[in-house]
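The following exercises are meant to be worked through with the sequence and the model at hand. Each task is followed by a solution in steps.

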Amino acid sequence: MRCLAGILIAITAVSAAAAETVEVAIRDFRFVPARVSIRAGDTVRWTNQEKRASHSVLFTAEALESERLFPGESWSRRFDGPGSQAYRCGPHPEMEGVVEVRGD
Ligand SMILES: [Cu+2]
């Protein structure tokens, strides 16, 4: 039993360490990079690096939108299921991005 508990703790530690946070910058009215490929369970963090402009991150298919992000502010979302998720900026529809979630 003691051994099994140790193995379970080890497995939990490994899977927790494997989950990553991928950074996307928002600058010059663009998401940089516009396309990220992540693994299920990873988190994407968007950070507004503009001097003045504010933006949001809007997943239209789910009607899910971040708060308005002012310069220096961030917003994170974890992605659990595989698939390709398109998003754009709420106030600037021409700003587009894609989060591709791999199932592996
Ligand atoms: Cu914007």
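**Exercise 1.** Is H55 buried or exposed?

*Solution.* The model is a predicted one. The relative accessible area of H55 is 0%. A residue counts as buried when this value is under 20%. H55 is therefore buried.

**Exercise 2.** Identify the residues that coordinate the copper ion, and determine the geometry of the arrangement.

*Solution.* The donor atoms are ND1 of H55, SG of C89, ND1 of H92 and SD of M95, at 1.9 to 2.8 Å. Along the chain, these donors follow the spacing H-x33-C-x2-H-x2-M. H55 and H92 link distant parts of the chain, as they are 37 residues apart. H55 belongs to the loop between strand 4 (43–48) and strand 5 (58–59), and H92 to the loop between strand 8 (83–88) and strand 9 (96–102). H92 is buried, with a relative accessible area of 17%. For the geometry, four donors count as tetrahedral if all angles lie between 85 and 135 degrees. The angles subtended by the four donor atoms here are 89 to 132°, so the arrangement is tetrahedral.

**Exercise 3.** Describe the surroundings of T43, beginning with its strand.

*Solution.* T43 lies in strand 4. Five of the six residues of this strand are buried, so strand 4 is largely enclosed by the rest of the structure. T43 itself counts as buried, at 17% relative accessibility. Next, consider the pairing: strand 1 (residues 21–27) runs parallel to strand 4, joined by six bridges, and T21 has T43 as its bridge partner. Strand 7 (residues 74–78) pairs with strand 4 in the antiparallel sense over five bridges, and here R78 is the bridge partner of T43.

Terms used: Residues are numbered from 1 along each chain as its sequence is written. This is a predicted model: local features need pLDDT of at least 70, side-chain atom pairs count only at pLDDT 80 or more; totals for chains, interfaces and linings use all residues. Side-chain values use heavy atoms; hydrogens and water are left out. Donors are N, O and S atoms within 2.8 Å of the metal (3.2 Å for Na, K and Ca); water is not among the atoms, so sites may look incomplete. Four donors count as tetrahedral if all angles lie between 85 and 135 degrees; four count as square planar and six as octahedral if opposite donors are over 155 degrees apart and all others between 65 and 115; anything else is irregular. Helices (H or I, at least four residues) and strands (E, at least two) are DSSP runs, numbered from the N terminus. Buried means under 20% relative accessible area, exposed over 50%, partly exposed in between (1.4 Å probe, protein chains only). Two strands pair if DSSP finds at least two bridges between them.
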